[in-house]
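Trainee: Hi! I have this model open and would love to talk it through with you. Could we begin with the core?
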Amino acid sequence: MDLRIRMDRQELVEEDRAAVLLGLPLAEIRRFSRISGLRHTEKGDQGEYVVFTYDELQRLCLLAAQSSK
């Protein structure tokens, strides 16, 4: 099933907001999401953008914490 059908828009967090919530630079969020595969692409008026579920944000946070050790 398509993510857009399953997820309510309020349950998705855009890439720049994810960086703020996790306290990481946008480049780090992009790196961790690319390495882990934790990301989804949505289409909007301005083109495509990356979004995460809250579960994915939690997993990205754990990855970032592990990499800082």
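Trainee: Which residues make up the largest nonpolar core?
Mentor: There are 11 residues in all: Val13, Ala18, Ala19, Ile29, Phe32, Leu38, Val50, Phe52, Leu57, Leu60 and Ala64. By nonpolar core I mean a set of buried Ala, Val, Leu, Ile, Met, Phe, Trp, Tyr and Cys residues joined through side-chain atoms within 4.5 Å. Buried is under 20% relative accessible area, exposed is over 50%, and partly exposed is in between, with a 1.4 Å probe and protein chains only.

Trainee: And which elements give two or more residues to this core?
Mentor: Helix H2 (15-22), helix H3 (26-36), strand S3 (47-53) and helix H4 (54-67) do. H4 provides the largest share, three residues. Helices (H or I, at least four residues) and strands (E, at least two) are DSSP runs, numbered from the N terminus.

Trainee: Anything I should keep in mind about the model itself?
Mentor: It is a predicted model, in which local features need pLDDT of at least 70 and side-chain atom pairs count only at pLDDT 80 or more, while totals for chains, interfaces and linings use all residues. Residues are numbered from 1 along each chain as its sequence is written, and side-chain values use heavy atoms, with hydrogens and water left out.

Trainee: Good. Back to H4, then: what is Ala64 in contact with?
Mentor: Leaving aside neighbours within four places in sequence, Ala64 contacts Leu24 and Phe32. Contact here means heavy atoms within 4.5 Å.

Trainee: Phe32 is in H3, so how do H3 and H4 meet?
Mentor: Phe32, Ser33 and Ser36 of H3 meet Leu60, Leu63, Ala64 and Ser67 of H4. By class, this contact has four nonpolar, three polar and no charged residues. Ala, Val, Leu, Ile, Met, Phe, Trp, Tyr, Cys and Pro count as nonpolar, Asp, Glu, Lys and Arg as charged, and the others, Gly among them, as polar.

Trainee: Where does the crossing angle of the two axes come out?
Mentor: At roughly 105°, with the axes coming within 10 Å. The axes are lines fitted to C-alpha atoms, for helices over the stretch in contact, and angles run from 0 to 180 degrees between N-to-C directions. H3 and H4 are therefore roughly perpendicular to each other. That label covers 65 to 115 degrees; under 35 is roughly parallel, over 145 roughly antiparallel and the rest oblique.

Trainee: New topic: what order do the strands of the sheet take?
Mentor: The three strands form an open sheet in the order S1-S3-S2, with antiparallel pairing. Strands pair if DSSP finds at least two bridges between them. The edge strands are S1 (12-14) and S2 (40-44), each pairing on one side only.

Trainee: How many bridges does each pairing have?
Mentor: S1 and S3 pair over three bridges, and S2 and S3 over five. Val13 stands opposite Phe52 in S3, while Gly44 has Gly47 in S3 as its bridge partner. A hairpin of two residues joins S2 to S3.

Trainee: What do the helices do around there?
Mentor: H2 lies across S1 and S3, running at about 90° to S1. H4 packs on the sheet and touches S1, S2 and S3, its direction making about 75° with that of S3.

Trainee: One last thing: is Glu15 in H2 buried or exposed?
Mentor: Glu15 counts as buried, at 11% relative accessibility. Not counting residues up to four places away in sequence, Glu15 touches Leu26, Ile29, Arg30, Val50 and Phe52.
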